[in-house]
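These are my notebook entries on a single protein model. I record what I looked up, in the order in which I looked it up.

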Amino acid sequence: MIKGHVAATVIHSDGWRGYDGLVDIGFDKHFRVNHGENEFAKGERHINGIESFWSTAKRRLAKFNGVPKHTFYLHLKETEYRFNHRRDNLYLELLKLLRLNPL
């Protein structure tokens, strides 16, 4: 499934055994941190960013008590935008977008 959705890139993951075959199918740069052995970072390698995003996404999406399958992608993209701009004034960011792309 990963091969069909991820371009050749550097992959950082945890120690889940489902990721074992990534190198075998062409992902030469696969780095792991093993949470099971209390390892959460190797130098600059970590997965804290994606874990933080999913924590935010789950918390945000739980407010809706489930979303329809056909709109899940849109909810996820909104969550991604909010996460990537969490330190910005969202109101001003949206005004900028509307100025550049009027409705």
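Entry 1. Is K58 buried or exposed? I worked from a predicted model, and in that model K58 has a relative accessible area of 59%. Exposed means over 50%, so I entered K58 as exposed. I placed K58 in helix α2. I also looked up the separation of K58 from L76: the two are 18 residues apart in sequence, and their C-alpha atoms are 9.7 Å apart in space.

Entry 2. I then turned to the overall layout. I found four helices and two strands in the protein. Along the sequence, I read the order as α-β-β-α-α-α. The protein has 103 residues, and I noted that 17% of them are buried. For contacts between residues at least 6 apart in sequence, I noted that 17% join residues at least 24 apart.

Entry 3. How do the axes of α2 and α3 cross? I took helix α2 as residues 48–62 and helix α3 as residues 69–84. Their axes come within 10 Å, and I recorded a crossing angle of roughly 125 degrees. That angle makes α2 oblique to α3. I entered the crossing of α2 past α3 as right-handed.

Entry 4. I listed the residues that meet where α2 contacts α3. From α2 I wrote down G49, S52, F53, W54, T56, A57, R60 and L61. Their counterparts in α3 are F72, H75, L76, E78, T79, E80, R82 and F83. Sorted by class, this contact of α2 with α3 holds seven nonpolar, five polar and four charged residues.

Entry 5. Within that contact I looked up T79, which lies in helix α3. T79 has a relative accessibility of 1%, so I counted T79 as buried. Leaving aside residues up to four places away in sequence, I found T79 touching F53, A57, R60 and L61. I had listed those four residues in α2, among the ones that meet α3.

Entry 6. Which rings pair with one another? I counted two aromatic pairs. In the pair F53 and W54, the ring centres are 5.2 Å apart and the planes lie at 65 degrees, so I entered this pair as edge-to-face. F53 also pairs with F83: I noted 5.5 Å from centre to centre and 80 degrees between the planes, again edge-to-face. F53 lies in helix α2 and F83 in helix α3, so this pair ties together parts that are 30 residues apart in sequence. I therefore recorded F53, W54 and F83 as a cluster linked by ring pairs, edge-to-face meaning planes over 60 degrees apart.

Entry 7. I looked up the accessibility of each residue in that cluster. F53 stands at 10% relative accessibility and counts as buried. F83, at 11%, also counts as buried. W54 has a relative accessibility of 38%, so I entered W54 as partly exposed.

Entry 8. What is the phi of N65? I read a value near 55 degrees, which is positive in a residue other than glycine. I noted the value because most residues other than glycine have a negative phi. I located N65 in the loop between α2 and α3. With a relative accessibility of 76%, N65 counts as exposed.

Entry 9. I looked up V67 last, and found this residue in the loop between α2 and α3. V67 has a relative accessible area of 23%, so I recorded V67 as partly exposed. With residues up to four places away in sequence not counted, V67 touches F72 and H75. I had already listed F72 and H75 in α3, among the residues that meet α2.

Conventions
Residues are numbered from 1 along each chain as its sequence is written. This is a predicted model: local features need pLDDT of at least 70, side-chain atom pairs count only at pLDDT 80 or more; totals for chains, interfaces and linings use all residues. Side-chain values use heavy atoms; hydrogens and water are left out. Axes are lines fitted to C-alpha atoms, for helices over the stretch in contact, and angles run from 0 to 180 degrees between N-to-C directions. Angles under 35 degrees count as roughly parallel, over 145 as roughly antiparallel, 65 to 115 as roughly perpendicular and the rest as oblique. A crossing is left-handed if the near helix is turned anticlockwise from the far one by less than a right angle, and right-handed if clockwise. Contact means heavy atoms within 4.5 Å. Ala, Val, Leu, Ile, Met, Phe, Trp, Tyr, Cys and Pro count as nonpolar, Asp, Glu, Lys and Arg as charged, and the others, Gly among them, as polar. Rings of Phe, Tyr and Trp (its six-membered ring) pair if their centres lie within 6.5 Å; planes under 30 degrees apart count as stacked, over 60 as edge-to-face and the rest as tilted. Buried means under 20% relative accessible area, exposed over 50%, partly exposed in between (1.4 Å probe, protein chains only).
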